[in-house]
Each structure stands twice: as structure tokens, then as C-alpha cells.
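User: I'm new to this structure and would like to learn how to read it. Could you take me through it step by step?

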Amino acid sequence: VPYKKTIATLLKRQLNPHIYELLTDIGREAEQRNMHVYLIGGMVRDLLLGRANEDIDIVVEGDGILFAEYLQRQYGGHVRSHEAFRTATWKHPCGLKLDLTSARTEYYDFPAALPKVEMSTIKEDLFRRDFTINAMGICLHQSEFGELIDYFHGYQDLLNKQLKVLYNLSFVEDPTRILRALRFESRFGFTMDRQTESLAKESANNLLAVSKPRIANELIRLFLEENPLFAIDRIDDLGILPFLLKNRDSFESMKQKITRLARATATLTENSVPLSRSLWTAYLFCLTPVPATEACWQEVHNFCISKEDHKLLNDLQALIEGASLDKQPLTALSDWHHLFASMQTEPLLTYFSLVAAEQGIDYLLARDHLNNGRKVAGADLIRAGLKPGPDFKQLLLEAEKLQLDKPDLSPETIVKLLADQ
Ligand code: CTP
């Protein structure tokens, strides 16, 4: 285990100087009040892995809310506290947000319930966490600044690239940890050790008791942040699929769809086309059978956590059910624009990748380019003597279609062509 000086140097070298200073301020405050405070969780893990992470989670042995209030009095900012969990969020005047919690033991009334909380020591607090690599702390108290608190050998597991639970009931108490394990496997190239993997398989059925939005919060991170194919392979290995969805496609077909969607998504992101996080619902949709029945759509809707998620699915359903691509040949970009101008990028991207229309992806790239610089606006039409009215919208669409097909046309020529129509 690295010495405290080594960790203190890592903190200084890797963190944004602002954050480093804040942590030393907190340590000084803790020393003065003779309280023990620790940096914990993902930030500690990522610091040791040399990865950036600015989610500052602090555990206070004692009262987290009280400590947050001391800090606020000393340094300003705002404190928002959650009495039931004895946690507080301190917003520093510089805009940084820190979560301060009271060291706690959680117990669960029944598997998959939200935890109840009691005050305790840092060791108990760390013990209730998901994996050993996430159960390390760093002491911030001034005289112990940088001391690594590692009761459960998380540092060794980090070196061995292993994910290990801390106790056998971990996945039963919080089945979403099974999906978290897959996220860390995918992100860090780690693997669960044998015991942890078999506990994950045994407890997979407990996912049935977890609310869909909580599952969704994990699936979003699995599908969007990591390699979605790896995710689906491991979901299958662990036998989780039946506990996630009732209506399922064959595994091979799921994989094909996910591969196509991931490839199309990569093409757009490589070209800096902005995509919303709601795209995760499209990956979920890839797991359902083709053609999707009303029950399939409904099942995917049940996971949605925002209006935008629902909208993506509704738009996608409209596209799939109104299927136009196989009926009419679309040769020019303007043909595509004629049909799809008003539709958002994410459902189109999904639709095109599912019906394997490469040209559709080309259209989305061209349309993004257009969105970044239209040559003709309403004011140009007015200047050319056209009267604003209900058909203006149509004229502007025609201008876009001309620009898409003939990118070299000057704005004046486009306006002239429209005025002559
Ligand atoms: N945690 C846990 N069980 C969960 C969720 C979280 O034990 N189901 C603990 C872990 O110690 C984790 C910390 O809470 O490190 C913070 O959780 P979160 O911010 O969700 O995860 P990170 O580990 O920071 O992951 P990421 O980097 O993906 O945000």
C-alpha cells in the first residue's frame, strides 16, 4: 500500500489545483475540530488508476451535516442537507459541489429496498460498499493527509484488476451492483473474481424487485459510456436478460442490431454530431423482438426516466411503423431531407442503423453540416422581395434541400432559384 506521502503527492499532482486546495482546507478544518474526514469512493479509485474524476465524496466520522455547516461558515457557499440520510451537499463559492456524508451503516428492510441509515465508523461505512476497489478512503485530516485507508485490500485488487464484493449478500441487498460490476469490467478491463461472479449469477433474479428507473440509471452508463457489445455479452453470460426484459429477441439478433447502432453512433460522434443521452433507450430497444409488438414498446417505455427518452421511442415507433425507406428510392440528399427534415437525429440514427441504410447516416452527417451553417435565412428572402407568409417555411426547406444537393451554390443563387419558382 502506498505511503501517505506518495498519495499526498498524487493528490497534488493529479488534481485540479483548485480541488487540491479545497481538500487541504477541509483537512485543516477537520484537524481544528478534531474530526476525521475522508475522501472516498470513485475518486480514490480513479486517483490510484491515474484517471480523472471530479466527483468529490467525503465521509465524516461524526455528523456530515454539521461539518458541512462549519465549512460554509468558514468559506461561504451553500449547504443543502438531507436529514434522513445525514448527508449534505456543500456548494463552494467557486461553483464546485461536494457531497459530505456521515459515516454510516446501512441496513435493508428487504432485498432491493432503499437502505436505512445509522451512524458509524469509517470502517463500517467502507464495508457496506460495492467492491473492494471502491471501498478505499484517503484521510484528509491535516496531520494524516494522504493516509490510504484500505481495510479490504482494494489496492491489491486494483493491481490485480479484480472486482470483489465485500460480503456475500452484497448483490442481494443491492442487485444494481451486478450492472455496476459490468460497467467497471468494461471501463477498466477488470474481471470479477470467481466468487463474485457466481454470487452475481445467483442473485441476478433479485433484479426483478428493483424499480425500472433504478435499473435504467445503470443501463444508461453501460450502454452509453462503455462498449455496448461487451455489455450485452456479459449480460448474457451472467444470465441477467430474463430479469431485465420479458420480450426479448434472439441473442444473435440483439448483437447484430447493437453492433450496427454502435457503429453508426461512432460515425456520428467521430464527426462531432451532438447526440442526446436518450440514445440509451435505442440500445434497450435493440433487445426486443422484430417486429416490436405494442407490449414490447410498452416494456421499453417503462424504463424511461425522462420525457426525452419517451419522445425518442415514440419518434422511433412512428418511423418504423410508417416505414418509407423500402417503398421509395431516395437518391439525392434532398429526398432524404424531404422526408426527415423535422425528425430529431437520435431516432433517425437508430432507424437507419436498424434498417441498414448507410445512406441515411450520410444524410445525417450532411444535415448536421447544414445545421452548422445555413446559407439562406428568412431575412434573405424578404430582401429578395418575397412576402413573409405561410409558405415561407416551405421555401426555407427548399433552400436547405438545394444547399444539401449542391453545396457549392452561393446564397444569392439559392435565393434567385427560389424567387423564380
Ligand atoms: N456505491 C455502492 N453501491 C452502489 C452505488 C455506489 O457501494 N450501488 C458506492 C461505491 O463506493 C462508489 C460510490 O458509492 O464508489 C459512489 O458511487 P457512484 O458515484 O455511483 O460510482 P463511482 O464509483 O464514482 O462510479 P463512476 O465513476 O461510474 O461514477
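Analyst: We'll go from the overall layout to the sheet, then to the ligand and a few backbone details. Keep in mind that this is a predicted model.

User: Let's begin with the big picture. How many helices and strands does the protein have?

Analyst: Counting these elements is a good way to start. Here you get 22 helices and 11 strands. For the overall extent, the C-alpha trace spans about 80 × 50 × 35 Å along its principal axes.

User: And which domains does the assignment give?

Analyst: The domain assignment lists domain 1 (4-160), domain 2 (245-371) and domain 3 (378-420). To get a feel for the layout, take the centres of domain 1 and domain 2 over their C-alpha atoms: they're 41 Å apart. You can also pick a pair of residues. Thr24 and Ser250 are 226 residues apart along the chain, and their C-alpha atoms are separated by 54 Å.

User: Where is Thr24, and is it buried, exposed or partly exposed?

Analyst: For burial, you count neighbouring C-beta atoms within 10 Å: 20 or more is buried, 12 or fewer is exposed, and anything in between is partly exposed. Thr24 sits in helix 2 (residues 17-32). Its count is 16 other C-beta atoms within 10 Å, so Thr24 is partly exposed. Over the whole protein, 37% of the 421 residues are buried.

User: What can contacts tell me about how the chain folds back on itself?

Analyst: Look at how far apart in sequence the contacting residues are. Of the contacts between residues at least 6 apart in sequence, 64% join residues at least 24 apart.

User: Now the sheet. In what order do its strands come?

Analyst: Read across the sheet rather than along the chain. The 7 strands go 3-4-5-2-1-8-9, in an open sheet with mixed pairing. At the edges are strand 3 (78-82) and strand 9 (148-149), each of them pairing on one side only.

User: Let's take the strand 9 edge. How does strand 8 pair with strand 9?

Analyst: Check the direction, then the bridges. Strand 8 (residues 137-139) runs antiparallel to strand 9, with 2 bridges between them. If you want a spot to look at, Ile138 is opposite Leu148 in strand 9. While you're there, find helix 3 (residues 42-49), which packs on the sheet and touches strand 1 (36-40), strand 2 (56-61) and strand 8. The directions of helix 3 and strand 1 make an angle of about 60°.

User: What about the other edge? How many residues of strand 3 are buried?

Analyst: The number buried is 0 out of 5, so strand 3 lies largely in the open. Strand 3 is joined to strand 4 (residues 87-91) by 5 bridges, and the two run antiparallel. One bridge pairs His82 with Thr87 in strand 4. Strand 3 and strand 4 make a hairpin, with 4 residues between them.

User: And where does strand 4 go from there?

Analyst: Follow the next pairing. Strand 4 and strand 5 (residues 97-102) are antiparallel too, over 5 bridges, with Thr89 partnering Asp99 in strand 5. This hairpin has 5 residues between the strands, and Gly95 takes a positive phi near 105°.

User: Which residues other than glycine have a positive phi?

Analyst: Two to look at are Arg86, with phi near 50°, and Lys161, with phi near 55°. Arg86 is in the loop between strand 3 and strand 4, and counts as buried because it has 21 C-beta neighbours inside 10 Å. Lys161 is in the loop between helix 6 (154-159) and strand 10 (162-163). With 12 other C-beta atoms within 10 Å, Lys161 is exposed.

User: Where is there a cis peptide bond?

Analyst: Omega is the angle to check. The bond joining Val290 and Pro291 is cis, with omega about -10°. You'll find Pro291 in the loop between helix 14 (280-285) and helix 15 (294-301).

User: Last one: what surrounds the ligand?

Analyst: Start by listing the shell, then sort it by residue type. Around the ligand are Gly41, Gly42, Asp55, Asp57, Arg129, Asp130, Asn134, Asp174, Thr176, Arg177 and Arg180. By type, that's 7 charged, 4 polar and no nonpolar residues. Helix 8 (residues 176-188) contributes the most to this shell, with 3 residues.

Terms used:
Residues numbered from 1 in each chain as written. Predicted model: local features only at pLDDT ≥ 70, side-chain atom pairs only at ≥ 80, totals over all residues. Domains from an automatic or database assignment. Pairing = 2+ DSSP bridges. Contact = placed C-beta atoms within 7 Å. Axes fitted to C-alpha atoms, helices over the stretch in contact; angles between N-to-C directions. Near = placed C-beta within 6 Å. Nonpolar A, V, L, I, M, F, W, Y, C, P; charged D, E, K, R; others polar.
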